[in-house]
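Visitor: I've got a fold on my screen and a pile of questions. Mind walking me through it?

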Amino acid sequence: METHNHLFEQIRTFENLLAAAHLASRAKRFNDVVGRFNTHLEGELLALRGELSEKSYKPGPYRTHMIHRPKTRMISAAPFRDRVVHHAVCRVVMPLLERKMIDDLYSNREGKGTHAAIRRCQYFARRYPYALKCDIRKYFPSIDHGVLKTAVRRTITCRDTLWLLDTIIDASNPQEPVCTVFPGDDLAIAGAARVGLPIGNLTSQWFGGVYLCAFDHWVKQELRCPGYVRYVDDFVLFGDDRAQLAEWRLAIQARLCGVRLRLNERKSRTYRTQDGLTFLGQRIWPDRRRLVAPNARAACRRLVWTARQCADGAVSAETLEQRWQSWRGHAMQADSRALVDGLRQKIGMVLGSTGKADASCAAVRGTMTRTTCGAPTGTTTGRAM
C-alpha cells in the first residue's frame, strides 16, 4: 500500500498559503472579512504559518444556518482564516488521497461532477436492465471521526500532517443527532464516539469521498458489480439480475454497518432501467433524461421572480442574465429544450409587460429571445420535466 510522508513542509510554505488564500477569496472579494484579511495578507499568512509551525493553530467557531430545500440541513461556515488552511491542506494532501479513489466516484473531483455522473449513469442504464439505487441516511452527520482518521492513515503517514487533519476533524461543530449505536457496540463507548462533519467545509467534501473509498473498491472487487456510480452518499449499482441486486443490498447494509453508516430504506430500492430512475436531480432513462419536476418548477419560479425584480429595478439586468444562463446551461444537460424555450418566452413577457423596465432589461430580453438551444432536443411530459 502506497503511503506518503514529509508533507507538512509543503502545506505550511508561504507560497502554498498564498495560493490557498487566493482560492478561498474567489467570488468573495467584496466580503468585509475577506477584505480585511487581504488588506493585511502578508501578515495574516505569516501568522498562520507560525501557528502551524508551532502547532498552536486552533480553528475558530463556525457560523451556521439552516436550509430547507430540497431537505432540511444545517450549513456551517468556518472563519475565513480557517478556510485558507483548508485550501492549503487540500492542495497538498487531496491529490494523494484521490489516487486511491475509483474512476466512478464523481463528487468534488476535477473533470467529474454531477453532469458527468448522470451521463455515466445513463451509459450503464443503456447496458443493464436493472439498477439498485442507494442513499445513505444523514451521511455527513453520521461520519465517525475514528473511522475517518483510520481511512486517512491508510495513505498519509506524515505525523505533522495527521496532527493538522485531526485538528480540523476534531474541531467539527455538533451536527444534527443521529443514532450511533450499532449491533455489538459497547453502549458507553458508542455514546462517547465523536461523529459528524460540517456541511460547507472544503475538507468535509473531500473527507466524504475518502470515507467510503474502501467501500467503493469492495463493490468493484468483491461484489464484482459491472456498473457502479457514486456521488458523495448517493450511489447506483447496475446488473442483469434483479435477485442478485437484492443480495447485494443486504451485503451493502452489512458493509456500511462496519463503517457505522445506515442506508436510507425509503430511498434505496431496485428499478428497471427502462422505467427510469432519479439520480442527482434528473430522471434517467436509457434514451432520454429529464429534470425532476419539483426542482424544475422551483427554478422556474425563482427565475420569473428575478425577472419581475429586474423589471422593477430591484435586481440588475446582469444578475438576471447570469442566473438565466447558469440555469439554462444546467437544464440543457437534460432533454429540456421545450422547458427552456417556454421559460424564455415567459421571462420575455414579464420583462415586456411593465413600463418600469429600463434599457438594460430590454437588452436582456432581446438577448434571451435571440438565444438558440443547440443542446439535445426533447419534450417535457409527465412528472419529470
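Here is a question-and-answer tour, going from the whole chain down to single residues.

Visitor: First things first, where does this model come from, and how many helices and strands does the protein chain have?
Guide: Keep in mind that this is a predicted model. As for secondary structure, the protein chain has nine strands, and its helices number 17.

Visitor: What does the radius of gyration say about how compact the protein chain is?
Guide: For 385 residues the globule rule gives 21 Å. The chain comes close to that, so it is as compact as a globular protein of that length. Its radius of gyration is 24 Å.

Visitor: And what box do the C-alpha atoms fill?
Guide: The box is taken along the principal axes. Its dimensions are roughly 65 × 60 × 35 Å.

Visitor: What share of the contacts with a separation of 6 or more comes from residues 24 or more positions apart?
Guide: As background, 48% of the 385 residues count as buried. Among contacts with a separation of 6 or more, the share from residues 24 or more positions apart is 73%.

Visitor: How much of the accessible surface belongs to carbon and sulfur atoms?
Guide: The accessible surface of the protein chain totals about 19,300 Å². Carbon and sulfur atoms hold a share of 50%.

Visitor: How far apart are the mean positions of the positive and negative charges?
Guide: The protein chain carries 60 positive charges and 37 negative ones. Take the mean position of each set, and the distance between the two is 6 Å.

Visitor: Let's zoom in on Arg12. Is it buried or exposed?
Guide: Arg12 sits in the loop between α1 (8-11) and α2 (14-25). Its relative accessibility is 14%, and the cut-off for that class is under 20%. Arg12 therefore counts as buried.

Visitor: Which side chain does the side chain of Arg12 meet in a polar contact of 2.5 Å?
Guide: Leaving out residues up to four places away in sequence, Arg12 touches Leu17, Arg49, Leu52 and Ser53. The 2.5 Å polar contact, side chain to side chain, is with Ser53.

Visitor: What about Glu9, and which residue does its side chain join through a polar contact of 3.0 Å?
Guide: Glu9 is in helix α1 and is partly exposed, at 47% relative accessible area. Its C-alpha atom is 34 Å from that of Thr114, a residue 105 places away along the chain. The side-chain partner in the 3.0 Å polar contact is Arg12.

Visitor: How many residues of helix α11 are buried?
Guide: Helix α11 spans residues 202-211 and is mostly covered. The buried ones include Trp206, Phe207 and Tyr211. The cover includes α5 (80-98), α9 (159-170) and β4 (227-231), among others. Out of ten residues, the number buried is eight.

Visitor: On to Gln122: whose backbone oxygen lies 3.0 Å from a polar atom of its side chain?
Guide: Gln122 is in helix α6 (residues 114-125) and is buried, with a relative accessible area of 6%. Residues it touches, beyond four places away in sequence, include Ile284, Pro286 and Asp287. The backbone oxygen in question belongs to Trp285.

Visitor: And how far is the C-alpha atom of Gln122 from that of Thr64?
Guide: Along the chain, Gln122 and Thr64 are 58 residues apart. In space, their C-alpha atoms are separated by 36 Å.

Visitor: I'd like to check backbone angles. What is phi for Lys138?
Guide: Lys138 lies in the loop between β3 (130-135) and α7, and it is partly exposed at 31% relative accessible area. Although Lys138 is not a glycine, its phi is positive, at about 45°.

Visitor: What about phi of Leu280?
Guide: Leu280 is in the loop between β7 (277-279) and β8 (282-284). It is partly exposed, with a relative accessible area of 22%. This residue is other than glycine, yet phi is positive, near 55°.

Visitor: Last one: how far apart in space are Arg126 and Thr273?
Guide: Arg126 is found in the loop between α6 and β3 and counts as exposed, at 52% relative accessibility. In sequence, Arg126 and Thr273 are 147 residues apart. From C-alpha to C-alpha, the distance in space is 7.8 Å.

How values were computed: Residues are numbered from 1 along each chain as its sequence is written. This is a predicted model: local features need pLDDT of at least 70, side-chain atom pairs count only at pLDDT 80 or more; totals for chains, interfaces and linings use all residues. Side-chain values use heavy atoms; hydrogens and water are left out. Helices (H or I, at least four residues) and strands (E, at least two) are DSSP runs, numbered from the N terminus. The radius of gyration is taken over C-alpha atoms; the globule rule is 2.2 Å times the number of residues to the power 0.38. Buried means under 20% relative accessible area, exposed over 50%, partly exposed in between (1.4 Å probe, protein chains only). Contact means heavy atoms within 4.5 Å. Accessible areas come from the Shrake-Rupley method with a 1.4 Å probe; for residues, only the protein chains shown count as cover. Lys and Arg count as positive and Asp and Glu as negative; His and the chain ends are not counted. The place of a charge is taken as NZ of Lys, CZ of Arg, CG of Asp or CD of Glu. A polar contact is a pair of N or O atoms within 3.5 Å; within protein, one must be able to donate a hydrogen and the other to accept it, and residues adjacent in sequence count only if both atoms are side-chain atoms.
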